Amino acid sequence: MRIIVRMRHVIFASLTALLVACAPLEREPSGVPAGEAVSLRVLAFNDFHGHLRPGEAGTVAVPDPAAPGGVRRVEAGGAAALAALIAERRAGRDHVLVLSGGDLIGASPLTSALFHDEPTIEVMNRIGVDANVVGNHEFDRGRAELMRLIAGGCAPPAADGVRASCAAPRGSYAGARFPFLAANVRDADGRAILPASIVRRMGPVRVAVIGAVTRTTPTLVAPAGIVGLRFEDEAEAINREVRSLRSQGIESFIAVIHEGGRAAAQTGVGGECVQASGPIFDIVDRLDRAVDLVLSGHPHQSYLCRRNGVPVAQSGAYGRLLAEIDLRLDPATGDVVPGSLTMSNLPVLHDPARVDAAVAAIVERYASLARPRAEREGGRLREPVGTQASAGGDSPAGRLIADAQLAATRGKAAGAAQIAFMNPGGIRAGLPLREPAGVVTYGDAFAMQPFGNSLVTMTLSGAQIAALLEQQWTGANRERPRILQPSAGFGYAWDPGAAPGARVVPGSIRLEGRPIEPQSVYRVTVNSFLADGGDGFTVLAEGEGRLGGPQDLDALIGWLRAGSPRMPDPASRIERRARREISAPDPLPPLVR
């Protein structure tokens, strides 16, 4: 056993050393003597989504110490491992900032979500996070619930009868011991609802951290929870705060923005962001040049690069990676020493001998409370259900959920639904095949659909359905298309070469083999988030004859139980004839929002 543990240490150390060695952006010469500069280390992660337990976060690709030049995938994440790595990387340093780039909570696995994400806040208090910039998911349950999570206090009993607040041993919830930041969120009277920034003194130098959330948040969360809130342009809000802080003599700025993109990061060579796409890079281009570093989030990507000389970093999601940024501050100017900044993304590897015991105990306490529900059988499958989208844009997971929602609302009393659509961003995981005999647990189903939305059945005309499909590539979805997942029997063809707004092939929309007629009306089921126009599908807000239905999770479990062990059924997938087999349409991962 000692040999095995020692070998784990060797592998862990080798992988970490290799990743650090290959990842940093090059440091340029500076004119400030090292002894006079103040060293600052920034440790950052984004899109944690309450992934507290080892094994929930997935894997990362790391250099393979047994094959020079090769890589292998290893399990990563877990709050106890993240806490241990943060403690290790801050050890012996006088000046360290630990920052979260948003979506710290929301769309979480059962261990966190079952308790209103209070376990995640408790863990982050223990880790010593300096600030969390709100993401869109911080607003999933509305402004009031966000403020309660920050301030503390018990939540009222959950409407779904599942989530429980104040489950800690003392029967209370103390709130966050770190600020939540949002420079660009204001109420109807123009007042900021959260601090725009924090300022920390690093020796003689003051450093400001400014936060902003994607301005598209109103299209990503239920409208009822953000009534009266205004989400401003990210760059304008950050620049406004920079001007205010510079008037106070501050010159060192870190912008943490819950918005992102994709880039072929030139790690190891200090180059510009190559093949960069996505809103974050437009934001960086418009930032005040006083901003020294940008930490991003939202699309669950990983990159370390420079955009017109500004360092831009993102460290994946779910606590699999920890961004480490080292820089030096000039006491004379109060600014970052030119050329002193380096960046690395470190893997948060599983090693039982390198975990934070106190954090592990917190996680296990909540996991044990959640375990009876999590391990309850919810149905059975013959094969796993994956989230990989087809060339047309739908996935086995999306089709399964849409079929479940159609089945739950097909009866006359339930809504008489003929079609169901599921939004890809609401599908947070696939369904694994467990023993014995392909059991799907309640925890598996919850991980797939953690939002607790209810189903809504409405009447739409054929013309409205056609307009709805076009909204997959227009408006809020122009830069990041979202392909709705259809139920069995519904199909259409679309042309990726056509202009947005005219991509659906005329005459191709069919239901049970018959053309959808523009003047005819159809009963359509979606979740309550989509029904209010979420994800930019504003046509759905026009639906008439609305009838509320069951919770989406209940519909999924009911469908699994009714169909076990026949699903997934390959024949029903072939029935969706509607997609042209061309390149996948979504420039960013379709299952992220």
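Start your tour by selecting strand β16, residues 310–315: six of its six residues are buried, so to speak a mostly covered strand. Buried here means under 20% relative accessible area, while exposed is over 50% and partly exposed lies in between, with a 1.4 Å probe and protein chains only. Helices (H or I, at least four residues) and strands (E, at least two) are DSSP runs, numbered from the N terminus. Before you click further, note that this is a predicted model, in which local features need pLDDT of at least 70 and side-chain atom pairs count only at pLDDT 80 or more, while totals for chains, interfaces and linings use all residues. Residues are numbered from 1 along each chain as its sequence is written, and side-chain values use heavy atoms, with hydrogens and water left out.

**Stop 1: around β16**

Colour the two faces of β16 separately. V310, V312 and Q314 lie on one side, P311, A313 and S315 lie on the other, and all of these are buried. Now add β15, which runs antiparallel to β16 and is joined to it by six bridges. Look for R307, which stands opposite V310 in β16. The two strands form a hairpin with two residues between them, and N308 in the turn has a positive phi of about 50 degrees. Next, show β14, which pairs with β16 in the parallel sense over two bridges; V294 has V312 in β16 as its bridge partner. Strands count as paired if DSSP finds at least two bridges between them.

**Stop 2: the whole sheet**

Widen the selection to six strands, which form an open sheet in the order β8-β9-β11-β14-β16-β15, with mixed pairing. Which strands stand at the edges? They are β8 (197–202) and β15 (302–307); each has a single partner strand, so one side of each is left without a neighbour in the sheet. On average, neighbouring strands of this sheet are turned by 20 degrees against each other, direction ignored.

At the β8 edge, pick strand β9 (residues 205–213), which pairs with β8 in the antiparallel sense over six bridges. One pair to label is V199 with its bridge partner in β9, A208. Then bring in helix α6 (residues 234–246), which lies across β8, β9, β11 (252–258) and β14 (291–296) and runs at about 160 degrees to β9. Axes are lines fitted to C-alpha atoms, for helices over the stretch in contact, and angles run from 0 to 180 degrees between N-to-C directions.

**Stop 3: the cores and helix α2**

Select F45, V123, M124, F139 and F180, the residues with the most contacts inside the largest nonpolar core, which has 72 residues. A nonpolar core is a set of buried Ala, Val, Leu, Ile, Met, Phe, Trp, Tyr and Cys residues joined through side-chain atoms within 4.5 Å. Helix α2 (residues 79–90) gives the most to this core, with seven residues. Apart from this core lies another, of 28 residues, among them A183, A237, A255 and I257.

Zoom in on F45: leaving out residues up to four places away in sequence, its contacts include L82, I86, M124 and S315. Contact means heavy atoms within 4.5 Å.

Now isolate α2. Nine of its twelve residues are buried, so the helix is largely enclosed by the rest of the structure. Among the buried residues are L82, L85, I86 and R89. Elements covering them include β1 (38–45), β4 (96–100), α4 (118–127) and α8 (357–374). After α2 comes G92, whose phi is positive, near 75 degrees.

**Stop 4: α9, α13 and M448**

Move to helix α9 (residues 396–409) and helix α13 (residues 552–563), which pack at an angle of about 95 degrees with their axes 8 Å apart. That makes α9 roughly perpendicular to α13, a label used for angles of 65 to 115 degrees. At this meeting, L400, I401 and A404 are among the α9 residues, and A555, L556 and W559 are among those of α13.

Finish at M448, in helix α10 (residues 442–448). Is M448 buried or exposed? At 0% relative accessibility, M448 counts as buried. Its contacts beyond four places in sequence include V385, A397, I401 and L556. Measure from M448 to I401 yourself: they are 47 residues apart in sequence and 9.2 Å apart in space, C-alpha to C-alpha.

Conventions
Parallel < 35°, antiparallel > 145°, perpendicular 65-115°, else oblique.
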